[in-house]
Amino acid sequence: IVPSVLRELIRTIRTARTQAEEREMIQKECAAIRSSFREEDNTYRCRNVAKLLYMHMLGYPAHFGQLECLKLIASQKFTDKRIGYLGAMLLLDERQDVHLLMTNCIKNDLNHSTQYVQGLALCTLGCMGSSEMCRDLAGEVEKLLKTSNSYLRKKAALCAVHVIRKVPELMEMFLPATKNLLNEKNHGVLHTSVVLLTEMCERSPDMLAHFRKLVPQLVRILKNLIMSGYSPEHDVSGISDPFLQVRILRLLRILGRNDDDSSEAMNDILAQVATNTETSKNVGNAILYETVLTIMDIKSESGLRVLAINILGRFLLNNDKNIRYVALTSLLKTVQTDHNAVQRHRSTIVDCLKDLDVSIKRRAMELSFALVNGNNVRGMMKELLYFLDSCEPEFKADCASGIFLAAEKYAPSKRWHIDTIMRVLTTAGSYVRDDAVPNLIQLITNSVEMHAYTVQRLYKAILGDYSQQPLVQVASWCIGEYGDLLVSGQCEEEEPIQVTEDEVLDILESVLISNMSASVTRGYALTAIMKLSTRFTCTVNRIKKVVSIYGSSIDVELQQRAVEYNALFKKYDHMRPALLERMPTLEREKGVHLIFRRVHVWGKVNTLYDVENYLQILEINGFHAVLFSTGIPSITAYNKNGLKIDFTFERSNTNPSVTVITIQASNSTELDMTDFVFQAAVPKTFQLQLLSPSSSVIPAFNSGTITQVIKVLNPQKQQLRMRIKLTYNHKGSAMQDLAEVNNFPPQSWQ
Amino acid sequence: MRFMLLFSRQGKLRLQKWYLATADRDKKKMVRELMQVVLARKPKMCSFLEWRDLKVVYKRYASLYFCCAIEGQDNELITLELIHRYVELLDKYFGSVCELDIIFNFEKAYFILDEFVMGGEIQDTSKKSVLKAIEQADLLQEVRHPQTHLWSPQNTPMETP
């Protein structure tokens with residue numbers, strides 16, 4: 001039986017009406033091909049492999065044809081070799097050991113008398129040769145690189161590129177052969193040679209240095225291409241060999257990078273290409289694009305750089321969206337280094353925000369953010385807020401983050417800043433990133449004069465819609481903090497609204513109850529309600545009720561908070577005002593120390609309740625807020641020469657004889673105190689254990705403290721007394737002091 | 001260039017040329033994914049997109065999508081010219097080429113591509129030179145059954161070598 005010819009099979013398979021029918025045909029044909037292979041039939045091997053390749057493209061397995069490809073390659077017939085090499089490239093890869101069997105055939109074919117056979121071998125090696133094959137055959141390739149046959153020379157050059165990519169150590173051996181490559185007239189050889197030189201220069205600084213001397217020659221070749229008349233063989237829309245021009249420009253870029261002399265040598269030709277290239281078609285713009293990339297990457301003079309950016313600016317106005325796309329991409333790369341030049345094209349860039357293509361929009365957005373500065377912030381924000389409103393969801397999170405950042409850097413006024421934040425939260429409130437919430441809270445805290453305005457606007461914002469979590473979280477927090485300003489109608493910036501305490505609690509309770517509220521959001525709402533117990537006057541009972549209800553909430557977070565707040569109402573009511581006091585303004589770096597100071601300031605309590613809120617703001621993870629109150633007042637044990645030492649106390653629940661004292665040392669002078677050592681001595685009936693201090697440096701201006709823990713064992717429950725010795729270095733002198741601490745509160749030892 | 005794909009509007013693969021060693025199953029996955037992405041593009045969108053860590057340049061000619069995946073430092077605009085040059089070569093060879101030509105003579109489409117591009121880079125920038133080489137190679141094909149070299153209308157039975 002004579003196996004069917006390829007096109008017959010293709011026609012047959014295309015008549016299949018279902019996938020199942022096609023599969024059946026394929027299986028039948030494969031079986032026939034398999035048995036034909038088994039018969040070792042040389043005559044029909046070629047057409048069988050061709051058919052197999054077709055079926056492989058349809059997605060069916062064809063591995064059983066791999067060896068047959070090798071047999072075809074080994075055949076003397078050109079037709080066989082052609083299909084065999086094609087099959088090898090499609091079915092074989094370096095993962096299979098089988099491919100190594102090709103090596104010998106390729107070697108022979110590289111030396112074949114017919115250049116088209118040599119060509120097949122070079123092509124296959126150059127496309128899929130493994131490292132081992134490349135190692136074995138590099139010598140042959142190198143030989144062919146030196147031939148005068150331009151058909152083979154151009155192929156050998158690209159084959160060499162592949163060899164170098166696979167086995168970089170072999171690069172050296174091709175160096176001699178590169179000597180006269182650029183002297184060729186043949187454009188194929190020129191093009192592939194430039195590619196080879198580029199590969200070598202990119203991989204080796206030594207090669208790069210070596211080939212810099214080619215710059216004048218490359219410039220000459222480029223010049224000839226531009227100046228020469230019409231050459232039909234290489235012409236594309238009136239431009240002579242644009243492919244070669246682009247590759248030369250790319251090689252010049254690599255050679256001119258970081259090298260003043262080379263950059264200088266190519267300056268004129270770059271200017272020439274930049275000004276003379278026809279821009280009506282894509283091909284001209286492709287060359288201009290490469291030219292711009294080169295100008296921006298080498299050490300070009302400023303005039304040339306401005307020329308390049310102006311080309312990009314013109315690209316932005318091009319009707320062709322592809323051109324606009326590459327312009328935006330390139331401008332993004334240069335906006336840092338050539339900021340002012342790019343600024344000149346700002347309005348065109350902003351127009352691209354309205355483009356229909358998402359890739360263009362994204363780039364325009366990124367570029368717009370990069371261009372925002374103190375002078376243009378109002379105008380730019382207007383555009384970007386409009387963009388935020390109308391853009392696709394995939395952009396909203398990045399856009400919101402970008403706006404927050406830019407607003408923080410360049411806000412012309414606090415009011416404007418708050419308004420901008422509000423606009424983002426209400427427009428894209430559900431897309432805002434989680435980390436934005438603590439940042440915004442801090443921002444609002446620090447904008448003291450805007451508190452009334454902010455809480456009013458936030459209240460109004462969530463009144464209609466409390467589904468956008470970040471917005472609701474910030475609003476809840478604000479209402480909790482500044483609810484008193486809200487109900488007292490103190491707003492100056494706009495008409496104050498009339499709202500009662502109950503109405504405020506209504507909205508917070510709605511947030512608590514709503515299915516749309518995330519657990520975190522509920523936490524914010526509950527805490528806010530709790531805080532209002534010290535800011536509102538008529539609704540404290542209502543608040544108590546709400547808090548007690550959530551003491552049995554299924555949500556563990558909520559339950560814990562509610563239980564703690566309940567405890568606050570029941571057992572520690574006298575402390576509630578102090579605990580729920582208004583937050584002080586925070587500076588980011590000093591935040592942690594402020595927390596400890598505030599805790600100390602509260603004095604009567606060792607509680608870290610609101611620390612949680614502070615720490616949320618400061619983004620410290622893993623801190624668990626625990627409410628515990630011992631009711632033991634703190635004392636200032638020492639206060640002299642700017643050094644203050646406070647003691648806070650804790651009694652052990654397991655051993656009533658143990659008192660744990662935490663000392664805190666702070667420094668109000670303008671110089672640090674270093675090598676600080678705290679020592680203590682107690683009467684004989686006591687025992688003392690000093691744990692390691694947090695550090696030995698007390699920073700100046702109360703910007704940090706040293707803490708240290710002392711455990712005192714007092715089995716006889718005697719009045720606690722202590723003698724302390726302090727040594728430290730300050731203002732270049734060694735300091736030392738002794739003191740007695742006698743003001744221990746009774747609760748600390750009784 | 002990392003690879004080139006030709007596929008129809010219905011997502012049928014007509015040619016795949018890989019210039020970087022990739023496992024078969026990865027190839028299948030990438031082809032499927034990329035075809036989906038490209039076929040979802042609207043006419044108003046530009047010819048470039050980012051996909052994985054590569055840049056993809058694609059252009060539609062009649063019913064066929066020509067799709068190239070290039071690397072970061074490659075020039076997208078010149079790649080469009082590369083695609084166009086390949087189409088011109090096919091057009092000259094087949095005489096007003098259409099998808100059916102590529103389907104029934106896929107091996108020739110590969111031969112032409114392999115004469116134009118090697119290892120992802122252009123071998124020869126002269127249309128004439130590339131076509132001449134194909135022509136000469138075709139002449140070397142041993143005549144087993146009657147066949148024509150340069151022009152094969154799709155409705156006459158074409159014999160494989």
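This is a short talk on how chain A and chain B meet in the structure above, with a few words on each chain.

Hi everyone, and thanks for coming. Please keep in mind that we are looking at a predicted model.

Let's start with the interface. How many residues of each chain are in contact? On the chain A side there are 71, and they touch 66 residues of chain B. As you know, people often describe the size of an interface by the accessible area lost when the parts come together. Here, chain A and chain B bury about 6,400 Å² between them, and carbon and sulfur atoms account for 57% of that. If you want residues to click on, try A:Arg7, A:Arg82 and A:Phe243: together they supply 13% of the area that chain A buries against chain B, more than any other three residues.

Now for the polar side of things. Side chains of opposite charge can pair when their charged atoms come close. Between chain A and chain B, the count is 9 salt bridges. One of them joins A:Arg250 to B:Asp74, with 2.9 Å from N to O. There are also 24 residue pairs in polar contact between the two chains, counting pairs with both residues at pLDDT 80 or more.

Which helix of chain A gives the most to the side that touches chain B? That would be helix 3, residues 42-57, with 8 residues. Sorted by class, this side of chain A holds 33 nonpolar, 15 polar and 23 charged residues.

Let's step back from the interface. Over all chains, the salt bridge count comes to 53. A nice one to look at within chain A is A:Arg253 with A:Glu290, where the closest N and O atoms are 3.0 Å apart. A:Arg253 sits in helix 13 (residues 242-256) and A:Glu290 in helix 15 (residues 282-297), so this pair ties together parts that are 37 residues apart in sequence.

Further along chain A, the domain assignment gives domain 1 at 370-579 and domain 2 at 608-748. Their centres, taken over C-alpha atoms, are 37 Å apart.

Finally, chain B. An unreviewed UniProt entry places the feature "domain: AP complex mu/sigma subunit" at residues 1-140. That span of chain B is 47% helix and 25% strand, and its end C-alpha atoms lie 30 Å apart.

Definitions and conventions. Residues are numbered from 1 along each chain as its sequence is written. Chains are lettered from A and ligands numbered from 1 in the order in which they are written. This is a predicted model: local features need pLDDT of at least 70, side-chain atom pairs count only at pLDDT 80 or more; totals for chains, interfaces and linings use all residues. Side-chain values use heavy atoms; hydrogens and water are left out. Contact means heavy atoms within 4.5 Å. Buried area is the accessible area (1.4 Å probe) that two parts lose on being put together, summed over both. A salt bridge is a side-chain nitrogen of Lys or Arg within 4 Å of a carboxyl oxygen of Asp or Glu. A polar contact is a pair of N or O atoms within 3.5 Å; within protein, one must be able to donate a hydrogen and the other to accept it, and residues adjacent in sequence count only if both atoms are side-chain atoms. Helices (H or I, at least four residues) and strands (E, at least two) are DSSP runs, numbered from the N terminus. Ala, Val, Leu, Ile, Met, Phe, Trp, Tyr, Cys and Pro count as nonpolar, Asp, Glu, Lys and Arg as charged, and the others, Gly among them, as polar. Domain bounds come from an automatic or database domain assignment. UniProt positions are given in the numbering used here, feature names are shortened, and annotations may be inferred rather than shown by experiment.
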